[in-house]
Every structure is written in structure tokens, then in C-alpha cells.
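Subject: Handing over the structure

Hello,

Here is the structure I promised to pass on to you. Please open it alongside this message, and then read on for what I found in it.

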Amino acid sequence: MKQPTKDLVKSPAWQALKEHYEAIKDVHMRDMFAEDPLRFENFSTSVNDIVLDYSKNRINEETMRLLMDLARQAKVEEWRDLMFSGEPINSTEHRSVLHTALRNRSSKPIRVNGRNVMPGIKAVLAHMRDFSEQVRSGEWRGYNGARIKSIINIGIGGSDLGPHVVCESMKPYSQRGLDVYFVSNADATHLVETLKCVEPETSLFVIASKTFTTQETMLNAFSARKWFMDLVGNEKAIEKHFVAVTTNVELATRFGINEANTFEFWDWVGGRYSLWSAIGLSIALYLGMDHFESLLEGAYEMDQHFLKTPLEENIPVIMALLGVWYNNFFDAQSHAIMPYSQYLERLPDYLQQLDMESNGKTIDRNGHRVNYLTGPIIWGQSGTNGQHAFFQLLHQGTKPVPADFLIPALSQNPLGLHHRVLFSNCLAQTKALMLGKKYAEAVEEMRHQGYSQDEIEEVIQHKVFDGNKPTNTIIFERLTPKTLGSILAMYEHKVFVQGIIWNINSFDQWGVEYGKVLAGQIQKDLSTPGDVENHDSSTNGLINYRKRVYFDELDKNKLD
């Protein structure tokens, strides 16, 4: 299905929003709150224990009505239904996009090319349960009978970021005496420093690669295998310490992994959407399969909310449209993620891939170059650390930065006043970003603090805050596996809706593939003596510098 409007910026819904922007762009949220005592009630919505407060945005009822018109013009509801039904909406790769099927908790069949995929999904989940329970109970042991104490996930991209953010976020639910590590970078340091923390006889490596050919993953996997063999010297022992999540059973078997210890997933599972699949094996091992299935349950409930809730109350749709409002009309080129939860520290990293790899596109579904901004730059840090790092720019900088603030109402670690301080800081920041501080307010504040008139005049301009900086606040009762599943699915659907509105394919990543091709050629050039001249002058110069240093060291017998 193609976008019905050939030129998005000339479409009726877009033009109406453009006119509305001119009318509302100078209106201050401070005044909006003063005029509407029910603003929170009017601009907040919820699903289960998750509440989205979007009242601190530069919007009114007319804004939201026009944004909903834009969503309907783009046929968001129709595209949503196509995705959930298994239609191949990944048009450049002719694939279905069915990560939602992985967490389907109903008995409803879901078909790809006429085949119901649910029996296969349930079989993999059963396999994951059986294996993870063997490891966690101690029934599965290493080659010398030692109990497994360390899970080392070797993957990259979605095969790393997804399981990593979940395991980090769900530490309170982990099993005592079982640690999890994640290795992704081709830099040997990542693997070497991890291996310093583990012992071969108590380690289980999960090699996560759909094709079992991903360069960085297999480089780390073979180096980990060599480390293991150098210390153990028993090739048969590999079967007890290495498992694979892959579609390529043949290559995994050649590596030394028992075919029974390979876990399947499918080409309709995109990498950045794959934590719900067998890529989540490290999650199941670390947290237990019951908690992994609670994660799936939470995602499924958000799926149902996205599917069945009218657009006007639909959390992912609202968040997506607000993002379009700022990205395309206020020229806000980035979006900040501020989790006020140390457990969610890696959430911004995860959302960077989800959003920027999905919607960092310049060509629309019709093959035309877009003439509007698409995906924003995603960044952020956990609060309150961010307040002491970059919040100065948010408050008084020249760049507009919409932001999401996420916080649990209850802490997993209720210690003294900690959570009260954390919670008050979160709310204070969103209030300050919205309100700002007027000149007269700043003067009165300084007078109250005992400053003289001369002292006030010297610094007063520096104490004025414009405010009117938009934020969403996402509050939930407690960070549980189920709630986390809902939050991650919420952002998936937000990204999907924005891709539909921008008329781009959110499910391919050709830019990533191009870099891999060039890297292969450069790798060959680095391994041969003599200067190269077959690249641009910059790349030639950098390759030749590295080769001179490397071969000089080799001559001195300082390198293997």
C-alpha cells in the first residue's frame, strides 16, 4: 500500500498543521495551564498502571485534532492492521513484520504466506523454558560437573541491546549466583575484559546471530571459543558451554554446538525487534522463563491497546504525533529520553537503535527523496545524573529538545528518602522546563535572597528561563517485567506510526549494510604490505598510517 498523498508537505492535513503552528507557536504553556485547570485530565491517558501525561506540551485541543487528521490521512490504522495480520509491509525486503506475533498470548492464529506461525513460536518458547530451567536449577552442568554461574551473550545490534536493556532493568528478578555479561564490540577489549570476570568451567556462551555469519559476533564467538579451548583443551566440552540462537544450524554445528542447543527465529523478526524471540534466551536464563513470559504479556497488552484503542486515547499514537509536531514544525532535530530509574540506564541506548535505525531514512515508500525531516536523533541519560550533565542546555540552550521522562511511583529499593528525592527532581525538572522563570520572578527571588540592586542588575538576565520546553511524563506503579514489556512495545509502536506518517519503510537498514561492504574491502587492504591508493585520499592516508605502525611493530616481534 502506497502513501495516498504524493507530496506530504502539500497535503491538506500537513497544511492545516502548518497554519495552526503559526497561530500557536508563541503561546506559552504557562498560560495554557493558567487558563485550563483541567489540563492534566484533558491531556493524559493510561493503560494498566502506565500513565502518559502529555499536558506539558505546546498543544491545545485543536492541535491534537489536526494531528489525528494527519494520522488518518496517512492511514495509520490500516497500516497497523496490515502489520499485525502478517502482510509483507517491509517492502524493500518483501518481508512480514511480525515481532508482535512473538508475544501473542491469545489463541488467534497469525499467518505468513498462508502458514500459521504460532505453533513454531510456541515450540521455541517451550525449548527456551526447558533449557533455561535446566541451567537455573543446576541440572545442566559444565563439562566437569560444575554449575553454570556466568551467562555471556555474544551478539550485536538487536541481538545485544534488547537482551541487555531487559537484563539490566530487571536485576531485582535475577537468580542469586547467576551473572550475565554482554559482548558486542569488535574491539577485543570488550571480550577480553569480560573473560577476566568468568571461568570456563562455569560459563555458558549464547551466540546470537541470525545467519551465524555476522562479522563482529562471529569474531567474538571464535575468540571466546579459542579462550575456552586454550584453558580446557577438550573440544567435546564446547557442547556444554556454547549454545546458539540462529537460523543456520549447519554453521552452528560446525562451530561445535549441539543441534539440540540451537534456538530458532525467523526472517520476519527484525533485529531491533528480536528480544521477544529466542534472542531473549539470555533474559530467560538470567531472570527465569516465567519473568520472560511476563515481559511478553506486558508487550501483548500494549499491542492490544495499540490495536483497539481509538487514536485520540492511544498512547503510542499520541507520542508519535507529538514527535512529528516538534520534529517537522518546530524543527526539533533531537529527542531526549530521561529515565528516572537507575535500572533503566540503558533504555536510551536501546531506543537509539529502535528509532534511528528504523526512521533514519531519506527515501519514501514510493522511491522518492523526502523534502521533510524524518527520524530525530535519540539521546539521553538516567536522572538525576543528566541534571548535572546536559540539563543546562535543555533549560537555557538555543536548541529545542522535546523529552520523555519515565519514573516508577514505587522504588524496587526503598531506602530512606532516596526515591522521594528522585521523584521530586523528576517532577521539578518537567515543571521548570514548562514554566520557565520570568524577569520579574527572578528579580523578586534575588531580592528575597538579600542581593543588592547592583548585584541583581549584574546577573539578572542569566537567571531568566524562557520555559515552554515540551516534555512527556510516563509514570508507572513499579518497574516489573510486565511493565517493562509494555514500555518497550509502546516505543516500538510509536516509531512505527511515525514511519507511516513520514511514508518511509521503518524495517530495513540499507545504510548499515553499505558500511559492512566497505569494511570488507578495507580489511583486505590492511592485511597486505605496501601503501594503498584505491580509496579516497583520506581513507588511503589512514590505512597507510595504520599499516606502517602495524608492520613496524611486527618487525620488532611485538605482535603475533
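Is Asp81 buried, partly exposed or exposed? Asp81 has a relative accessible area of 39%, so Asp81 is partly exposed. Before going further, please keep in mind that this is a predicted model.

**Salt bridges**

Asp81 is a good place to begin, as it has a charged partner. A salt bridge links Asp81 to Arg80, and their closest N and O atoms lie 3.2 Å apart. Arg80 has a relative accessibility of 9%, and because buried means under 20%, Arg80 counts as buried. In general, side chains of opposite charge can pair when their charged atoms come close. In this model the count comes to 26 salt bridges.

Another of these pairs is Asp290 with Arg129, whose side chains meet at 2.9 Å, N to O. Asp290 belongs to helix α14 (residues 289–308) and Arg129 to helix α7 (residues 118–137), so this salt bridge ties together parts that are 161 residues apart in sequence. Asp290 counts as exposed, at 51% relative accessibility, while Arg129 counts as partly exposed at 24%.

The pair of Glu513 and Lys516 sits within one helix. Their side chains form a salt bridge of 3.9 Å, N to O. Both residues lie in helix α22 (residues 510–526), 3 residues apart, which is about one turn of the helix. Glu513 is partly exposed at 31% relative accessibility, and Lys516 is partly exposed as well, with a relative accessible area of 45%.

Which residues are joined into one network by salt bridges that share partners? They are Arg105, Arg129, Glu133, Asp290, Glu293 and Glu297. You will recognise Asp290 and Arg129 from the pair described above.

**The open sheet**

Next, have a look at the strands. An open sheet is formed by 6 strands in the order β1-β2-β13-β12-β10-β11, with mixed pairing. Its edge strands are β1 (44–47) and β11 (377–380), each of which pairs on one side only. On average, neighbouring strands of this sheet are turned by 20° against each other, direction ignored. Helix α18 (residues 418–435) packs on the sheet, where it touches β12 (403–408) and β13 (471–476). The direction of α18 makes about 155° with that of β12.

At one edge, β1 and β2 (residues 50–53) run antiparallel and are joined by 4 bridges. Among the bridge partners across these two strands are Ser44 with Asp53 and Thr45 with Leu52. The two strands make a hairpin with 2 residues between them, and Asn48 in the turn has a positive phi of about 55°.

Moving one strand along the order, β2 also runs antiparallel to β13, and 3 bridges join them. Here Val51 stands opposite Ile475 in β13.

**Strands β7, β8 and β9**

Which way do the residues of strand β8 (residues 242–245) point? Phe242 and Ala244 point one way and Val243 and Val245 the other way, and all of them are buried. This fits a general pattern: in a regular strand the side chains alternate between the two faces of the sheet.

β8 pairs with strand β7 (residues 203–208) in the parallel sense over 4 bridges, and Ile207 stands opposite Ala244 in β8. β8 also pairs with strand β9 (residues 262–263), again in the parallel sense, over 2 bridges. In β9, Phe263 is the bridge partner of Val245.

**A pair of packed helices**

Lastly, there is a helix pair to look at. Helix α8 (residues 158–169) packs with helix α16 (residues 347–359) at an angle of about 145°, and their axes are 9 Å apart. The crossing of α8 past α16 is left-handed.

Which residues meet in this contact? Gly158, Leu161, Gly162 and Val165 in α8 meet Leu347, Asp349, Tyr350 and Gln353 in α16. By type, the residues of this contact divide into 4 nonpolar, 3 polar and 1 charged.

Enjoy exploring it, and do write back with any questions.

Best wishes

Notes: Residues numbered from 1 in each chain as written. Predicted model: local features only at pLDDT ≥ 70, side-chain atom pairs only at ≥ 80, totals over all residues. Heavy atoms only, no water. Pairing = 2+ DSSP bridges. Axes fitted to C-alpha atoms, helices over the stretch in contact; angles between N-to-C directions. Contact = heavy atoms within 4.5 Å. Left-handed = near helix turned anticlockwise from the far one by under 90°. Nonpolar A, V, L, I, M, F, W, Y, C, P; charged D, E, K, R; others polar. Salt bridge = Lys/Arg side-chain N within 4 Å of Asp/Glu carboxyl O. Buried < 20%, exposed > 50% of the residue type's maximum accessible area, 1.4 Å probe, protein only.
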